[in-house]
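Trainee: Could you walk me through this one? I'd like to reason from the model, one point at a time.

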Amino acid sequence: MRFKNVFNIIGPAMVGPSSSHTAGAARLGRAARHFLGVCPEHVKIVLYGSFAETYWGHGTDLALVGGLLDYDTDDDRLPDAAEEADRQGITISFDKGTGNYPHPNFVRIIVQHGTETAEVAGASIGGGNIEIHELNGFDVRGSGQYPMLAVEHTDSKGVLADITRTLSDAELNIGFMDVDRKARSGEAMTVIELDTAPDPHVLNRILQLPYVTRAAVIDLK
Amino acid sequence: MQFRTLKDIVRLCEERSLTIAELMIEEQVKETGVSEPEVIQQMADYYQVMKEAVHRGITEDTVSRSGLTGGDARRVHDYMLSGETSSGSDATRAMAYALAVSEVNASMGRIIATPTAGSCGIIPGVFVSSQERFGWDDDHMVLGLFAAGAIGYVIANNSSISGAEGGCQAEVGSAIGMAAGAMVEMRNGTPEQAMHAVGLALKNTLGLICDPVAGLVEIPCIVRNGLGAVNALAAADMGLAGVRSAIPSDEVVDVMLQVGRSMPSEHRETARGGLAQTPTGRKITEELRRRRQENKN
């Protein structure tokens, strides 16, 4: 079943005009904001396919920027997101992507704050639902329907066990999970979708685990 | 969810003497683990957003971001208030309210996707106008939304609610079917009558293509929402009168998917066919492109 419950059908509450080009775009922008962990200073957005062709009339650009400001899909401030980002001194560039892309509504967002950089690529798959395809170049999937813990670590024995033990100690239930590594014993990324969001305490404990280099919670609720 | 088809819904409701709304609420609680009061509250919040969007579209001048559309809801509403309409004031009011919500959507206002933003006017148009007409309280309307959601859930999972996948029949068509079935239940029709209304409604939109001018959710989307609300009322009336869909409603849902799949991509939300490629559709697209270029410079 692609649609799991009644609020996938009646909902989301959103600022128009398009559930896929506006609401979905806002959620993708917000995912990038959460993955970085703070409000970005510099943003580079690369649009592909139908996103690149029709973004202007659908307010896809405003929705993406609103998401980067941590606005939800139904936030009244979405139409004024560009002015607000400008006021906060955030620099944002939009480009049309070339080459292959996996979905007609696809975007790549590179966010930067100080020396910290993060990159999210994902698709808007309809009705405001999204699919994350990449985090920092790792091929990992997430639906954004559940709070998602993204952990970067070195690929070594016992890391996953340590992470999942920390979550189970905090009584958090794992719904879905995906792992990708760039090379054996090299850098790796684990994403875990949870039934409830981990609090900052749990995130800290994950960060203190050996081999873990970076961790963030993407929570679009 | 315990049900996958419209027939399942009717069977479960009959076996346990439940309304479609009661069944949907029960299943939603089971599926998500969220308590019944919270589930009902979320839907009640959504209904308030729908009512606000109707009010805004009728009382304010809404202009879409492109500047192409706006003001038709007020036009139809004023016309209705001025006296004799062709389709009657109740249907005309539903039409005005549906246009209102779709215009608010096009102006980047707040709406509820039902099931999508492109088809967000039909359910509020039918619901809010009927609430005024029959004097129903909000609780009754919220139950109606759960009934609509149950119907949409079956359509979405067995067919499609995306214009890019299945054309406009999947968005506006689905919304009309959902509104028609819910209307039957809100007027105390049986689940079986509601299901027939869904099939009757969907048969009337089978094959409807998605051909938005310049790719925007405006032309012809807004007008299709207005006319869709009237269709939903008519299909509900057929259902309540005892008219049956000779082709079972689940088979209509299934064939909608097949019709959608056989549509060329030109007619599935790409703006490369249909009204988008008429001489005027092309002219509007060109004009928007020119204006956008000027904005950039």
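What follows is a short exchange about the contact between the chains, a sheet, the core and some backbone details.

Mentor: Ground rules: this is a predicted model, where local features need pLDDT of at least 70, side-chain atom pairs count only at pLDDT 80 or more, and totals for chains, interfaces and linings use all residues. Residues are numbered from 1 along each chain as its sequence is written, while chains are lettered from A and ligands numbered from 1 in the order in which they are written.

Trainee: Which element gives the largest share of the side of chain A that touches chain B?

Mentor: The contact takes 34 residues from chain A and 41 residues from chain B, where two residues are in contact if their C-beta atoms, placed from the backbone, lie within 7 Å. On the chain A side, β1 (13–15), α1 (19–36) and α2 (49–58) each give two or more residues; helices (H or I, at least four residues) and strands (E, at least two) are DSSP runs numbered from the N terminus. The largest share there, 5 residues, comes from α2(A).

Trainee: Which residue of chain B stands opposite V15(A)?

Mentor: Look at where β1(A) meets β1 (residues 110–112) of chain B: 3 bridges join them, and they run antiparallel. Strands count as paired if DSSP finds at least two bridges between them. Opposite V15(A), in β1(B), stands R110(B).

Trainee: Which strands stand at the edges of the open sheet in chain A?

Mentor: Four strands make up that sheet, antiparallel, in the order β9-β10-β8-β11. A strand with a single partner has one side left without a neighbour in the sheet, so the edges are β9 (174–181) and β11 (212–218) of chain A.

Trainee: What angle does α6 of chain A make with β11(A)?

Mentor: β8 (residues 148–154) of chain A pairs with β11(A) over 6 bridges in the antiparallel sense, and L149(A) stands opposite V217(A) there. α1(A) packs on the sheet, touching β8 and β11 of chain A, with its direction at about 140 degrees to that of β11(A). Axes are lines fitted to C-alpha atoms, for helices over the stretch in contact, and angles run from 0 to 180 degrees between N-to-C directions. Helix α6 (residues 200–207) of chain A also touches β8 and β11 of chain A, and its angle with β11(A) is about 155 degrees.

Trainee: Which helix gives the most to the largest nonpolar core?

Mentor: A nonpolar core is a set of buried Ala, Val, Leu, Ile, Met, Phe, Trp, Tyr and Cys residues joined through C-beta atoms within 7 Å. The largest has 162 residues, and A150(A), A179(B), A180(B) and A232(B) have the most contacts inside it. With 13 residues, the helix that gives the most is α7 (residues 138–158) of chain B.

Trainee: Is M108(B) buried or exposed?

Mentor: M108(B) is in the loop between α5 (89–106) and β1 of chain B, and its phi is positive, near 65 degrees, though it isn't a glycine. A residue is buried if 20 or more other C-beta atoms, placed from the backbone, lie within 10 Å of its own, exposed if 12 or fewer, and partly exposed in between. Because M108(B) has 23 C-beta neighbours inside 10 Å, it counts as buried.

Trainee: And N188(B), buried or exposed?

Mentor: N188(B) is in the loop between α9 (168–186) and α10 of chain B, again with a positive phi, about 70 degrees. With 9 other C-beta atoms within 10 Å, N188(B) is exposed.
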